[in-house]
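Trainee: I have a new model open and I'm not sure how to read it. Could you walk me through it?

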Amino acid sequence: MEMKKDENSFLQNMKHEINQKTKEEEEEEENEILKKRISSHPLYGLLLHSHLSCLKVCSGDFDLPEMINTVDDLALTKLSLHSDSPPDATSPELDQFMEAYCLTLRELKEAMEKPLIETHRFMDAVYNQLNDIVLSSSPP
């Protein structure tokens, strides 16, 4: 009788492990499908560009924001209007997510740039004032 319980318990544990592995494999497969859908989305390139722009700002390597924002606007419009992927390849929910993510990254970049730009302008003003002082105190 004791042996029968052990065998039964062992079999139940094995079934549970098999079911658990199957669930994990299904989740992994779903994640891979989602990754492929995202990476093939028409806005994926802009998403990467926006992400890299945020990283550039964090590193202190940024350009004039007015020029970059104009380029981003043009790229977003171009990518949104001229999608190369077939319409059934993307879903409205994924489209909305990708657009929202791109816009959120852009807003984050602008928020991170603002204090850096203000600091840069302040330092330029200080430099110009020091230059004026040095030039005005120099004998002719």
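Trainee: Among contacts between residues at least 6 apart in sequence, what share joins residues at least 24 apart?

Mentor: Here that share is 92%. Keep in mind that this is a predicted model.

Trainee: How many helices and strands are there?

Mentor: Count the elements from the N terminus on: the order is α-α-α-α. That gives four helices and zero strands.

Trainee: Next, the inside. Which residues make up the largest nonpolar core?

Mentor: For a core, you look for buried nonpolar residues whose side chains join up. In this protein the largest one has eight residues: Leu43, Leu46, Leu47, Cys54, Leu94, Met98, Cys102 and Leu105. Helix H2 (44–59) and helix H4 (92–137) each give two or more of them, and H4 gives the most, with four.

Trainee: What does Leu94 touch, leaving out residues up to four places away in sequence?

Mentor: Leu94 has Arg37, Ile38 and His41 as its partners there. As for the whole protein, buried residues make up 18% of its 140 residues.

Trainee: And the outside? Which residues make a nonpolar surface patch?

Mentor: Phe10, Leu11 and Met14 make one of about 300 Å². Met14 sits in helix H1 (residues 2–39).

Trainee: Why is Met14 called partly exposed?

Mentor: Partly exposed means between 20% and 50% relative accessible area. Met14 has 34%, so it counts as partly exposed. Overall, the protein exposes about 11,300 Å², with 60% of that supplied by carbon and sulfur atoms.

Key: Residues are numbered from 1 along each chain as its sequence is written. This is a predicted model: local features need pLDDT of at least 70, side-chain atom pairs count only at pLDDT 80 or more; totals for chains, interfaces and linings use all residues. Side-chain values use heavy atoms; hydrogens and water are left out. A nonpolar core is a set of buried Ala, Val, Leu, Ile, Met, Phe, Trp, Tyr and Cys residues joined through side-chain atoms within 4.5 Å. Buried means under 20% relative accessible area, exposed over 50%, partly exposed in between (1.4 Å probe, protein chains only). Contact means heavy atoms within 4.5 Å. Patches are made of residues with over 30% relative accessible area and no salt bridge: like charges are joined within 9 Å, nonpolar side chains (Val, Leu, Ile, Met, Phe, Trp, Tyr) within 5 Å. Accessible areas come from the Shrake-Rupley method with a 1.4 Å probe; for residues, only the protein chains shown count as cover. A salt bridge is a side-chain nitrogen of Lys or Arg within 4 Å of a carboxyl oxygen of Asp or Glu.
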